[in-house]
Amino acid sequence: MTHSIRPLPFFPSLILLGVLFLLAGTGCGTGADDSPKMEDVSPARQTAFRVRSNVDAGLNANAGWAGPLNESVSLPVEAPFRLRFEVETPLDAPFVERFRLQYRRNGGPWRPVPAADFPYAPSEVTARVSVVSTAAYEDLADAADLLDGSTAAYAGGAGLRLTGQAPALPDHGVQSEWEWPLVIRRYADGAVTNEAGDRFEFRMVDVKGRPLAADTFPTVTTTVPPRLLGGTYPETPSRLGPWEASDGSLYFLMEPAESYNKLMTVKSEDGGQTWREVDGAHRPATGDLEGFASAMHEGTIHMLHQIGDGVLHHSFHTSDHSTDPDTWAVRDDTVATPGEPPVQVTSITARSDGSLVGIYGGPQHLYYKIRSPEGTWGAETTIPSQTDDPLSGPQSVRGTDDTVHLAYTRRDGTAWYRRIRPDGSLTPPRQISSNLGTTETDAGSVLPLVHLPETNTTAILYRRADGTLWARRADSNGQLSAPVQVTERRVVQSAADSDQVGADAVAIASSVHVLFIENGTGHLYHIRSDEPGTWTPATLEVDSVNAQWVRGQPVRQGRAYGYVYDAGSNGGSGMNWYGEVPVGEQ
């Protein structure tokens, strides 16, 4: 499986133009009747258009087109494209020679096309459709005469980037050409959704807001590529899914956009091919998904969410729940206020009786609370740092007899292992490693823990400061095996301000499976261990991307390792994709 993503540059000097354009568009046909009267039509007219699917084609190259001249096209969401207009201006009619770009969706009101880059929008705006940047040409680069709709003398034109407004024309009675790079999103601010089959029409208006006369408007009909989730990751996640229900439905937890960082549950009913939000009208009110973790028990996904100095609990009923399936249950329930940690971190484990063990960060120590099966959170227990260095990066997993296995890091480059007994008490710490990184971005150097019931052992994987992954196993008595090197390739750390290692681990039957992102390339690899101390060579799963997050779970009743990866958002949105590693019968 391959996937090509090319990150685009950002030009902050043009953001103000996009804002001014938004403000100026208030009189441009925003009512329900968007068929302007003749006297409201600009004296200029659109004589031709063409859509490019190859956003990297040269501005004046006769290449990369999505369709013929004056033909509407179908294009995928979250994939930048370019739209070129040919315009003819009158010789003697009064006319102000500037143009702006507008769109309408599914025949709705005409709206300005704002400037907001892809995939990361420093403007803090994620719109349904926006003008983006492109590396194919400089802003205001001269546009040649490519389109054949007008016979008037050619007076120039330009390629635009990150602005919906064109510059002044040089003359009247001439033709010109203008090209914009655009993107249509899957999710935008407000968690609004663009669906497959949506029709986006585009038109140009003059500076007075009058639309240019046109025989037909350029129209892009959207498609949603298979396996695309879109949206963006929580910043420092533990387990997120995809959680599988008994009917095969998959659930994943994410944000719609970095500029609208609310929690959403998306669901797939076809093995990860298509995804949609469920019960979006009742999602939790609290945003800012920094430290975030989840666990599933009997049809309910429980979530622990740390923001600033607060820790919250949410839960969602899957299709397996006996009442109210596919609905939010608990929202914004305050668990603790431990004070703001250096990095927001959480881990949550569901025990067999439905009780929860929630672990979270504080300014120096880690803490945990236990929620009873009836829904009451108990007293807070401190996991103390034995030095002045703060603890962070907790990862936990349920083991035999409801023992919760816990690993975490300390800022001095050490990692530690402890167990929370069924009665809630804590075992003494055992040192896992003293070779971790010592910066704040190394806080999350431990992967999600993996428990193997057949042998009652727990696999602890972690990233050393040199970038390699290592593993140790804890036996039933908490004794740790000797460290074993897992990868020769260096693994990325804090790829997009996540403060954690770019890797994931799960248990399927008696095997440990790991996905990791190679530092420097962003490629995603898979390895497995069928016996303690031995690991298979790494196999490439996804290349031609700059992957930055990955989280997964067993799916297809244990026949595959399903995962969601960020294909290079750089902290933006629209780049979450689904994949699977088939593992066969165990």
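Student: Which strand supplies the largest share of the lining of the largest pocket?

Tutor: That is β18, which contributes five residues to the lining of the largest pocket. Keep in mind that this is a predicted model.

Student: Which other strands take part in that lining, with at least two residues each?

Tutor: Along with β18 (291–297), the strands that each supply at least two residues are β14 (243–244), β23 (346–350), β27 (391–398), β31 (450–452), β35 (503–508) and β39 (549–555).

Student: How many residues line the largest pocket, and which lie nearest its centre?

Tutor: The lining has 31 residues, and those nearest the centre are Arg-239, Trp-243, Val-397, Gln-553 and Pro-554. The volume of this pocket is about 840 Å³. Sorted by class, its lining holds 15 nonpolar, twelve polar and four charged residues.

Student: How is a cavity to be read, as against a pocket?

Tutor: A pocket is open, whereas a cavity is a space that the probe fits but cannot leave. Four cavities of 30 Å³ or more are found in this structure. The largest cavity holds about 110 Å³ of space. Its lining has 14 residues, with Pro-390, Ser-392, Thr-409, Arg-411 and Ala-443 nearest the centre. Two or more residues of that lining come from each of β27 and β28 (404–410). By class, the lining of the largest cavity has six nonpolar, five polar and three charged residues.

Student: What lines the second largest cavity?

Tutor: Among its lining residues are Thr-236, Pro-237, Ser-238, Gly-393, Pro-394 and Gln-395. The elements giving two or more residues are β13 (236–237) and β27. Of these, β27 gives the most, three residues. The volume of the second largest cavity is about 70 Å³. Its lining divides into three nonpolar, seven polar and no charged residues.

Student: How many salt bridges are there?

Tutor: The count is 22 salt bridges. One of them pairs the side chains of Glu-179 and Arg-52, at 2.6 Å from N to O. Glu-179 belongs to strand β9 (residues 175–184) and Arg-52 to strand β1 (residues 42–52), so this pair ties together parts that are 127 residues apart in sequence. Glu-179 and Arg-52 are both buried.

Student: Where in the chain are the partners of the Glu-78 and Arg-185 pair?

Tutor: Their side chains form a salt bridge at 3.3 Å, N to O. Glu-78 sits in the loop between β2 (73–76) and β3 (81–88), and Arg-185 in the loop between β9 and β10 (199–206), so to speak of distant parts is fair: they are 107 residues apart. Glu-78 and Arg-185 are both buried.

Student: Is Arg-556, in the pair with Glu-580, buried or partly exposed?

Tutor: The salt bridge between the side chains of Glu-580 and Arg-556 has an N to O distance of 2.8 Å. Glu-580 is in strand β41 (residues 576–582) and Arg-556 in the loop between β39 and β40 (560–566), so the pair ties together parts that are 24 residues apart in sequence. Arg-556 has a relative accessibility of 36%, so this residue counts as partly exposed. Elsewhere, salt bridges with shared partners join Arg-52, Arg-82, Arg-84, Glu-177 and Glu-179 into one network.

Student: What is the usual case for phi and for peptide bonds?

Tutor: Most residues other than glycine have a negative phi, and most peptide bonds are trans. Here, a cis peptide bond joins Phe-118 and Pro-119, with omega about 0 degrees. Pro-119 is in the loop between β5 (111–112) and β6 (129–131). Another cis bond joins Gly-241 and Pro-242, with omega about 5 degrees, and Pro-242 is in the loop between β13 and β14.

Student: What is the phi of Asp-499, and what is that of Ala-509?

Tutor: Asp-499 has a positive phi, near 60 degrees, and lies in the loop between β34 (484–485) and β35. With a relative accessible area of 7%, Asp-499 is buried. Ala-509 has a positive phi near 55 degrees and is in the loop between β35 and β36 (511–517). At a relative accessible area of 41%, Ala-509 is partly exposed.

Student: What does the radius of gyration say about the whole protein?

Tutor: A compact globule of 586 residues would have a radius of gyration near 25 Å, and the 27 Å of this protein agrees. The C-alpha trace spans about 90 × 50 × 45 Å along its principal axes. The protein has one helix and 41 strands, and 60% of its residues are buried.

Methods:
Residues are numbered from 1 along each chain as its sequence is written. This is a predicted model: local features need pLDDT of at least 70, side-chain atom pairs count only at pLDDT 80 or more; totals for chains, interfaces and linings use all residues. Side-chain values use heavy atoms; hydrogens and water are left out. On a 1 Å grid over the protein atoms alone, a cavity is a set of points where a 1.4 Å probe fits but cannot get out, and a pocket is an open set with protein on both sides within 12 Å along at least five of seven lines; lining residues have an atom within 4 Å of a point. Grid points are joined across faces, edges and corners, and a volume is the space filled by probe spheres set on the points. Helices (H or I, at least four residues) and strands (E, at least two) are DSSP runs, numbered from the N terminus. Ala, Val, Leu, Ile, Met, Phe, Trp, Tyr, Cys and Pro count as nonpolar, Asp, Glu, Lys and Arg as charged, and the others, Gly among them, as polar. A salt bridge is a side-chain nitrogen of Lys or Arg within 4 Å of a carboxyl oxygen of Asp or Glu. Buried means under 20% relative accessible area, exposed over 50%, partly exposed in between (1.4 Å probe, protein chains only). The radius of gyration is taken over C-alpha atoms; the globule rule is 2.2 Å times the number of residues to the power 0.38.
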